[in-house]
Amino acid sequence: MKNIILPYVYRLLKALFLIVSAFSMARGEDVRFPPEAEVVNVVETYGVDNTGTRDVTEVLNRIWKSHRKRPSVLFFPKGTYLVSGMVQGTQTYIQGDHSEYKAGPLIIGENRDETIIRLKDGTWPDPAFDVMGKLPRQNLGQVVLHNGDANNVNFYQIIENLTVNLGRGNAGAIGVAYMTSNTGHLSNVRIKSEDGQGHVGLALLGIENGPGTVRNVEIEGFDYGIVADTYYQMVLHDLRIQSKGPALHSRGRLVIEDLVAERLTPGPVIVSGGWFTLVGAELKGTGTSAIQFGGPFYARSVETSGFDKALETQEGFKPYYPIPDTAAVGEYVAGEAAGLFGARPESLKLPVRKTPKLDWETDASKWTSIRSFKTPDNTWTE
């Protein structure tokens, strides 16, 4: 049994090291791995075309499916990968069948701006329905990059360091549908529609989606920037969004830190009906309010421009504390708060500590392989 498990443990530890390193990559920074890292280069290993001239939808789906049970890294070198349909992580979990638990694969591009998965023009031209009334579950067949169902065992899902481009004439398309279970992140990703006609940039759907993180993401050219319906907590930070409709429409449980968003048509930038925490935001647009909420809500350090006021409630929701009639919010909590002093306690307004920036090491001689820590009797040192 020990000899059977150890190869899996080795692959998992190797993947963990790669994930920790990749998590801190900066925008536009090149990523390279030494040969012994054993990442799967989709161009070198499978001959995937990255010139943007050949449709690679089928081959990418086949590759992703073949690696869906192993914590391997699918590495996408710089280039354009042309697709004419959904590239999807296959999920076939059967209740009680532990062999179907997922741990990847990790999807990592060489350079955020120069590694591009591009949807062929005119693939999904018909406009999608309005998500304000109902979230677009039935439109999830029209997603460029979909990493699988939120079934509570979709572990360690990583999408990192690339651009998803919806091209032109794809008004019914969603850029990315991201699902993860317990841990995982979507980071350092740009999602754009060239003609500004995309439907949703990022969909965080599925009641079993999360916990997980979304960070360093730019979204541009969509009706809706992010649509979320997550029961488990998702944490989003360092977001830059420009959209025709709401930058964020949520019925889930979200924590957002450092959001810069602009709505190009009149109306709120953020619409939330679930649990929502917002720390640090710059919201631009026109209309009565920048944020419309209808559930448990906390905001701090929110600046707005072009609106009469920052906050208003959805019809039928009554907050415990009165809403400030101002365009900026220093701090506000909608529900009854408990504290040591006073009837309306305030937080300490402590700063949010950022994840440390670790430079990506491109010199292969400075890498360390975990194989060097393995002992002759197939055990691991401390």
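What average pLDDT does the protein chain have, and what share of the residues score at least 70? The structure shown above is a predicted model, and its protein chain averages a pLDDT of 84, with 81% of the residues scoring at least 70. Confidence is lower at the start of the chain: over residues 1–25 the pLDDT stays under 50, although the model has 52 contacts beyond four places in sequence for this stretch. Statements about these residues should therefore be read with the predictor's confidence in mind, since pLDDT expresses that confidence for each residue on a scale from 0 to 100.

A suitable place to begin the tour is strand 2, which covers residues 51–55. None of its five residues is buried, so the strand lies largely in the open. Strand 2 pairs with strand 4 (residues 79–83) in the parallel sense, over two bridges. Across this pairing, Asp 55 stands opposite Leu 82 in strand 4.

The path now leads to the interior. The largest nonpolar core has 66 residues, and those with the most contacts inside it are Leu 202, Val 214, Leu 259 and Leu 283. Strand 19 gives the most to this core, with seven residues. The surroundings of Leu 202 can be listed in more detail. When residues up to four places away in sequence are not counted, Leu 202 touches Val 176, Tyr 178, Leu 186, Ile 191, Val 214, Ile 219, Gly 225, Ile 226 and Val 227.

Strand 19 (residues 276–293) also deserves attention for its pairings. Strand 17 (residues 254–263) runs parallel to strand 19, and eight bridges join the two; within this pairing, Val 255 has Thr 277 of strand 19 as its bridge partner. Strand 18 (residues 270–272) is likewise parallel to strand 19 and is joined to it by three bridges. Here Ser 272 stands opposite Phe 293 in strand 19. Strand 20 pairs with strand 19 in the parallel sense over 13 bridges, and the bridge partner of Ala 281 in strand 20 is Val 302.

Is Glu 282, a residue of strand 19, buried or exposed? Glu 282 has a relative accessible area of 51%. The cut-off for an exposed residue is over 50%, and Glu 282 therefore counts as exposed. Leaving aside neighbours within four places in sequence, Glu 282 is in contact with Leu 259, Val 260, Ala 261 and Glu 303. One of these contacts shows how the fold brings separate parts of the chain together: Glu 282 and Val 260 are 22 residues apart along the chain, and their C-alpha atoms are separated by 4.8 Å.

Aromatic rings form a further theme, for the structure holds ten aromatic pairs. One of them is formed by Phe 76 and Tyr 81, which meet edge-to-face, at 5.2 Å centre to centre and with 75 degrees between the planes. Both of these residues, Phe 76 and Tyr 81, are buried. Another pair, Phe 297 and Tyr 332, is tilted, with 6.4 Å centre to centre and 45 degrees between the planes. Phe 297 lies in strand 20 (residues 297–313) and Tyr 332 in strand 21 (residues 328–333), so this pair ties together parts that are 35 residues apart in sequence. Phe 297 and Tyr 332 are both buried. They also belong to a cluster in which ring pairs link Phe 276, Phe 293, Phe 297, Phe 317 and Tyr 332. A ring may also have a charged partner: Arg 253 lies over the face of Tyr 231, at 4.5 Å from the ring centre.

The tour closes with details of the backbone. Asn 188, found in strand 12 (residues 181–192), has a positive phi of about 55 degrees although it is not a glycine. With a relative accessible area of 1%, Asn 188 is buried. Asp 238, in strand 15 (residues 234–243), is not a glycine either, yet it has a positive phi of about 60 degrees. Its relative accessibility is 12%, and Asp 238 counts as buried, because the cut-off for a buried residue is under 20%. Finally, a cis peptide bond joins Gly 210 and Pro 211, with omega about -5 degrees. Pro 211 is found in the loop between strand 13 (198–204) and strand 14 (212–228).

Methods. Residues numbered from 1 in each chain as written. Predicted model: local features only at pLDDT ≥ 70, side-chain atom pairs only at ≥ 80, totals over all residues. Heavy atoms only, no water. Helix = DSSP H or I, 4+ residues; strand = E, 2+ residues; numbered from the N terminus. Buried < 20%, exposed > 50% of the residue type's maximum accessible area, 1.4 Å probe, protein only. Contact = heavy atoms within 4.5 Å. Pairing = 2+ DSSP bridges. Phe/Tyr/Trp six-rings, centres within 6.5 Å; stacked < 30°, edge-to-face > 60°. Lys NZ or Arg CZ within 6 Å of the ring centre and 35° of its normal. Core = buried A, V, L, I, M, F, W, Y, C linked by side-chain atoms within 4.5 Å.
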